[in-house]
Amino acid sequence: MLGIRYLKAEPTTFVMRYARGEVAKKGAGLSFFYYAPSTSVVLVPLESQDVPFAFQELSADYQQLTVQGALTFRVVDPERLASILNFSVNRFQRYQTNDPEKVRARLINVVQERTRTVLRRLAMREAVMAGDQIGAEVMAAMREVPMLREHGLGVIGLTIAHVSATPEMTRALEAEAREELQRKADEAVYARRNAAVEQERRIKDSEMATEIMVEEKKRQIRETQIAADIAVEEQRARLLEMQSRNDREAADTRAYALEAALKPLRATDWRTLVAANGADPQTMIALAFRDMADNAGRIGELNITSELLTSLLRKPKG
């Protein structure tokens with residue numbers, strides 16, 4: 001029949017059928033026949049959608065930055081959104097206006113506004129390194145935007161993929177970063193050399209301390225040896241002194257004994273002593289000759305025959 005159409009929507013599409021200016025049927029994933037001349041059909045997508053964006057803003061130090069990222073959103077109240085924007089479709093189920101695209105444009109405008117607020121607090125150097133921080137702050141601010149509630153929209157996620165400066169400033173930052181890295185490398189080399197020198201100094205101090213300890217130990221050993229030698233010499237001196245004293249006492253004892261033994265003999269004639277000790281005849285004759293020699297003036301003449309001399313020189317038997 002002319003004017004009769006059939007609609008079968010996906011589960012992620014909210015359908016509203018208007019007849020005579022009133023909502024005759026609504027719901028997600030509906031299917032029905034309708035009479036086109038007197039019926040209007042509204043299709044609002046419920047699935048999550050990604051909105052990429054790229055815009056330019058100024059940092060706190062008035063440097064131009066390019067912000068790139070993506071916003072993920074979904075429709076949480078399709079009836080409210082359909083009351084603000086036109087989501088009606090024709091018989092080919094194509095939107096009759098470009099209102100559905102306005103949702104993306106309005107969301108990008110909100111993201112850019114909130115990003116501008118964050119970038120005004122950050123210098124260029126900080127901003128190009130703070131993509132995650134910017135995304136988190138913008139995401140938190142998006143949840144408080146009244147426009148989203150009024151349009152029945154909900155933000156699922158927001159990602160700042162890249163924050164970049166102009167090519168000239170990028171090269172300047174790269175040069176500055178290279179200089180900073182070179183400076184840190186020089187500092188690392190200096191620190192390593194300084195550490196090597198310090199380590200060498202510690203090694204020398206340790207060696208010197210070891211040598212001092214060795215010399216101190218040697219000195220202690222020498223002092224111990226000298227003390228031992230002194231003790232030995234002192235003991236030897238005491239021993240010699242005791243030996244000398246003992247020798248003197250022994251000599252005095254022997255002298256006293258000898259003096260006591262000789263005292264009675266001093267008044268006795270030696271001839272008597274010789275005779276008393278049992279001298280042999282030859283000795284007695286020799287002594288007699290000696291007496292005669294001492295008293296030669298008193299003796300007139302003395303004849304000694306060869307037989308007498310022979311008998312005197314003959315050794316006694318047995």
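## Confidence, strand β5 and the nonpolar cores

The protein chain has a mean pLDDT of 85, and 84% of its residues reach 70 or more. The model is a predicted one. Within the protein chain, strand β7 (residues 64-75) has the highest confidence, with a mean of 95, while helix α7 (residues 270-276) has the lowest, with a mean of 63. Where pLDDT is low, the predicted coordinates should not be read in detail.

Strand β5 covers residues 39-45. Six of its seven residues are buried, so the strand is largely enclosed by the rest of the structure. Buried here means under 20% relative accessible area. Strand β5 pairs with strand β2 and with strand β8, as the table sets out.

| Partner of β5 | Residues of partner | Bridges | Direction | Facing residues |
|---|---|---|---|---|
| β2 | 13-19 | seven | antiparallel | arginine 17 and valine 41 |
| β8 | 88-89 | two | antiparallel | valine 41 and valine 89 |

Valine 41 of β5 thus appears in both pairings: it stands opposite arginine 17 and opposite valine 89 in β8.

The nonpolar cores come next. The largest of them has 40 residues, and Leu71 and Met142 are those with the most contacts inside it. Leaving aside residues up to four places away in sequence, leucine 71 touches Gln49, Asp50, Val51, Phe53, Leu107, Val111, Met142, Val155, Gly157 and Leu158. A second core, separate from the largest, has nine residues, among them Ala9, Val15, Leu43 and Val89. Val89, a member of this second core, is the residue of β8 that stands opposite valine 41.

Methods. Residues are numbered from 1 along each chain as its sequence is written. This is a predicted model: local features need pLDDT of at least 70, side-chain atom pairs count only at pLDDT 80 or more; totals for chains, interfaces and linings use all residues. Side-chain values use heavy atoms; hydrogens and water are left out. Buried means under 20% relative accessible area, exposed over 50%, partly exposed in between (1.4 Å probe, protein chains only). Helices (H or I, at least four residues) and strands (E, at least two) are DSSP runs, numbered from the N terminus. Two strands pair if DSSP finds at least two bridges between them. A nonpolar core is a set of buried Ala, Val, Leu, Ile, Met, Phe, Trp, Tyr and Cys residues joined through side-chain atoms within 4.5 Å. Contact means heavy atoms within 4.5 Å. pLDDT is the predictor's confidence in each residue, from 0 to 100.
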